[in-house]
Amino acid sequence: MQESIIQNWWNSFLQQVQEPERSVALKEASLAENLGDWTRLTTEAVVLTSESIGWEATARGHRLKRLPESASEYLALDAMAFPDRESCGEVAWPMPVAVFELENSPRDDRVAYSLWKVLCIRSPLRMVYAYRRNWDETRRLMNHLASEVVGSLSLHDRKKLDGITTVVTGSRGESETFPHGYFKLWLLDANLGKFERI
C-alpha cells in the first residue's frame, strides 16, 4: 500500500512539473540556480499534485479555508495536505495526510532540520524537497541525512515511524531529460536507516 501511495504521488508530481508553464520556468530556475523561483514553482507543483489526487492543500500563496483557523502555513511547515471532505466528513481539525518542507538552502544541516521537522509529525506521507547543484552534492546530502538525522534515532524510534518518509532532490540535472534528470525520489528504509533512490 505504501508503494502505491508514493508511486501515485510521484507520477502526479511529474505530470505537474511537465506542464509547459512550469517546466520551462523550472528548467531555467534550476540552470540559473534561482532558488527562490525553484522553490515557488516546486511548491505550486506540490499543491497541484495534492489537489490532483483528491486532497486539499495549503502552502505559502495557497491559503486554505477549510480549518477553523484559516492560514497558508500550519505548524511552521511549508505545505500540508488534508483528506477530502468525503473521506473524513466535516471534521473541524482533520489530521494531515501529507506534510512537506521545501528547502533551498545550500547547507546540508538546514535540510537535515527540515527532515527532522517532518519526522516529528504524525502523517502518512512526509516529504522534504531540496535543491543541489549536481549528483556529487546530492549524494553527499543524502549520506548526511541518513547519518546525522536518521542515524541519530534509535532503532526503536525508527520502527515507530509510521507512514512514508521521502526526500525529493532537485538539481540542474541532465538537461536533456526533464523532469527525470532534474528530480530524484528517495525513500527512507527505517529498518536499515538509509534512503534508497526509487
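User: Which residue stands opposite Ala57 in S2?
Analyst: This is a predicted model, in which local features need pLDDT of at least 70 and side-chain atom pairs count only at pLDDT 80 or more, while totals for chains, interfaces and linings use all residues. Residues are numbered from 1 along each chain as its sequence is written, and side-chain values use heavy atoms, without hydrogens and water. Strand S1 (residues 56-59) and S2 pair in the antiparallel sense over four bridges, two strands being paired if DSSP finds at least two bridges between them, and strands being DSSP runs (E, at least two residues) numbered from the N terminus. Opposite Ala57, in S2, stands Ala81.

User: Are the residues of strand S2 (residues 79-82) buried or exposed?
Analyst: Ala79 and Ala81 point one way from S2, whereas Met80 and Phe82 point the other way. Buried means under 20% relative accessible area, exposed over 50%, and partly exposed in between, with a 1.4 Å probe and protein chains only. On both sides of S2, these four residues are buried.

User: What is the bridge partner of Ala79 in S3?
Analyst: S2 pairs with strand S3 (residues 98-103) in the antiparallel sense, over three bridges. Within S3, the partner of Ala79 is Phe100.

User: Which strands are the edge strands of the open sheet of seven strands?
Analyst: The sheet has mixed pairing and runs in the order S1-S2-S3-S4-S5-S6-S7. Two of its strands pair on one side only, and these edge strands are S1 and S7 (194-197).

User: Which residue in S6 stands opposite Val167?
Analyst: Strand S5 (residues 164-170) and strand S6 (residues 183-189) pair in the antiparallel sense over five bridges. In S6, the residue opposite Val167 is Trp186.
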